[in-house]
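Please open the structure in a viewer and display the backbone as a cartoon. The tour below proceeds by selections, each followed by a description of what is found there.

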Amino acid sequence: MTLPRLSFLGTGYLGATYAICFAELGYEVLGVDVDEVKIATLAGGRVPFHEPGLDDLLRRNLTAGRLRFGTSYADAAGFADVHFICVGTPQRADGMSADLTYVESAVTNLAPLLRRRALIVGKSTVPVGTATWVEQLVAKHAVPALGVEVAWSPEFLQEGYAVEDVLRPNRIVAGIKSDWAHKVFHAAHKGVFDLAATEDRDVPLVVTDFATAELVKVAANAFLATKISFINAMAEVCEVAGADVTQLARAIGYDPRIGNRFLQAGLGFGGGCLPKDIRAFQARAQELGAGEALRFLHEVDLINTRRRGRVLNVAAELLDRPVGPAGPDLSGTRVAVLGAAFKPNSDDVRDAPSLAAAAALAAAGAEVRVYDPQAMENARRAQPHLTYAPTMAAAVDAAALVVVATEWAEFRNADPVTLGDLVAARRVIDGRNCLDPAQWSRAGWTYRGMGRPPV
Ligand code: UDX
């Protein structure tokens with residue numbers, strides 16, 4: 001089978017990354033979005049978000065002529081054999097369930113325009129049952145005789161590692177119904193399997209029914225979120241018992257059944273996926289009558305948000321400030337918050353624990369100055385009332401307290417002696433347990449980690 005031509009409907013973080021990486025794998029690719037500005041940016045050779053390595057791949061594949069971007073669904077329908085749905089599924093106003101409006105409009109726009117048999121592959125994170133609904137939409141809106149089919153293949157991209165995650169995934173999962181769909185899906189991923197073969201790796205293809213494929217994604221995210229909240233719950237216990245959660249995590253992580261990854265205690269998880277996905281998962285389970293099975297995810301969420309408030313109490317303790325019924329009063333204190341992105345190597349500030357902590361410190365009266373190596377523009381948009389500093393040095397200048405809220409290399413590798421000369425008082429809260437307490441203490445800093453004894 002010759003390589004199918006691919007369209008990616010929705011060129012946000014997911015769709016743009018996939019479109020660019022699949023062009024790199026040798027496919028002819030069209031990225032489609034209703035947002036003309038986004039399309040013009042991508043077509044002009046610029047990725048509208050920060051993702052290491054992606055800009056180069058974009059420019060190379062635009063130049064090679066394998067990759068283009070546009071706003072026309074008719075163009076997509078005429079061009080591609082396989083259409084990937086990569087539109088967003090934001091949280092509804094209820095704060096829990098997922099909004100499927102964009103999925104619906106992508107499918108109902110595309111389906112009537114199709115003139116030959118095609119495979120529509122859903123990639124967006126959706127509530128279980130969506131693929132079957134999409135199949136019904138296609139049956140209603142596409143010409144029946146064409147035999148257009150649907151498959152569902154969740155993605156597992158991590159921001160900051162997205163290029164690797166697409167080119168070298170640790171597995172591909174697909175809800176597939178027919179031999180034809182299986183054959184076309186395989187051809188649409190042949191580049192990934194071939195690359196693995198040349199590198200002597202194996203990429204398992206897990207073929208399932210629709211519901212299982214949809215659930216794999218949310219189950220994986222629920223597991224990861226639970227792992228993080230588990231270690232943060234241990235951090236809470238360590239704090240009252242005088243123990244060190246980083247040593248505890250290391251020690252339990254040697255057991256291969258537990259594993260040492262995703263056991264980093266700190267300010268908790270944020271971003272555009274984990275918080276939203278565990279809430280949508282609970283809402284859907286509730287609808288299906290299995291709400292009780294996921295009640296623990298409510299607790300996972302609570303543990304997670306509690307960590308953000310912890311910074312405020314540690315700050316009050318370090319600064320010897322009173323804690324009233326409305327919380328600590330930090331008025332008149334200059335605080336530097338280092339980090340705004342929800343994690344390093346990303347400019348994404350969606351549901352970022354760092355910005356939430358900064359906003360809480362400011363609400364308690366502190367004069368907060370925030371610095372981030374990449375996320376300043378997005379942070380300013382998300383939290384316009386906060387004050388931003390252009391450099392780390394400017395942020396910490398004359399500060400009475402430094403809070404490391406995102407573990408960027410720039411902060412991990414910062415010299416505590418040099419920074420010590422800039423601040424008004426050497427106090428640091430290591431919200432990500434990414435600094436060496438002994439090194440900072442030797443440089444005269446009072447150090448507080450998350451779930452670690454004071455130094
Ligand atoms: C996540 C999943 O990892 C990915 O598979 C899915 O497709 C989308 O959601 P991402 O949101 O990019 O990816 O970030 P991830 O690296 O998983 O981190 C999520 C959050 O958890 C970050 O805020 C990070 O700081 C936090 N985290 C992670 C911890 O607090 N401790 C850890 O040990 C690991």
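Begin with two of the domains of this predicted model: the centres of domain 2 and domain 3, taken over C-alpha atoms, are separated by 24 Å. To colour the chain accordingly, use the domain assignment, which gives domain 1 as 6–208, domain 2 as 217–303 and domain 3 as 308–448. Where domain 2 meets domain 3, 10 residues of the former are in contact with 15 residues of the latter. On the domain 2 side, the touching residues comprise seven polar, three nonpolar and no charged.

**Helices H10 and H12**

Select residues 210–241, which form helix H10, together with H12. Residues 274–287 make up H12. The axes of H10 and H12 are 9 Å apart, and the two helices pack at an angle of about 115 degrees. Their crossing is left-handed. To see the contact, show the side chains of Val218, Asn221, Ala222, Leu224 and Ala225 in H10, and those of Leu274, Asp277, Ile278 and Phe281 in H12. Seven nonpolar residues, one polar and one charged residue make up this contact.

**Helices H12 and H13**

Keep H12 displayed and add helix H13, residues 295–319. Here the axes come within 9 Å and cross at roughly 155 degrees, which means that H12 is roughly antiparallel to H13. This crossing, too, is left-handed. From H12, the contact involves Ile278, Arg279, Phe281 and Gln282; from H13, it involves Leu297, His298, Val300 and Asp301. The classes represented are four nonpolar, two polar and two charged residues. Ile278 and Phe281 of H12 take part in the contact with H13, and both also belong to the contact with H10.

**Helix H14 and its surroundings**

Next, select residues 353–363, helix H14. Is this helix enclosed or open? Eight of its 11 residues are buried, so H14 is largely enclosed by the rest of the structure. The buried positions are Pro353, Ser354, Leu355, Ala356, Ala357, Ala358, Leu361 and Ala362. To view what they pack against, display H13, strand S11 (334–338), strand S12 (367–371), helix H15 (376–382) and strand S14 (401–404). Then move to Gly365, just after H14, where phi is positive at about 105 degrees.

**Two loops with positive phi**

The next two selections concern backbone angles. Most residues other than glycine have a negative phi. Select Phe262, in the loop between helix H11 (245–253) and H12. Phe262 is not a glycine, yet its phi is positive, near 60 degrees. With 16 other C-beta atoms within 10 Å, Phe262 is partly exposed.

Now go to Asn433, in the loop between strand S15 (427–430) and helix H19 (437–442). Asn433 also has a positive phi, of about 45 degrees, although it is not a glycine. Is Asn433 buried or exposed? It is buried, because 21 other C-beta atoms lie within 10 Å, and the cut-off for burial is 20 or more.

**A final stop at Ala139**

Finish at Ala139, in helix H6, which spans residues 130–141. Ala139 has 12 other C-beta atoms within 10 Å and is therefore exposed. As a last step, select Thr41 as well and draw a distance between the two C-alpha atoms. Ala139 and Thr41 are 98 residues apart along the chain, and their C-alpha atoms are separated by 35 Å.

Key. Residues numbered from 1 in each chain as written. Predicted model: local features only at pLDDT ≥ 70, side-chain atom pairs only at ≥ 80, totals over all residues. Axes fitted to C-alpha atoms, helices over the stretch in contact; angles between N-to-C directions. Helix = DSSP H or I, 4+ residues; strand = E, 2+ residues; numbered from the N terminus. Parallel < 35°, antiparallel > 145°, perpendicular 65-115°, else oblique. Left-handed = near helix turned anticlockwise from the far one by under 90°. Contact = placed C-beta atoms within 7 Å. Nonpolar A, V, L, I, M, F, W, Y, C, P; charged D, E, K, R; others polar. Domains from an automatic or database assignment.
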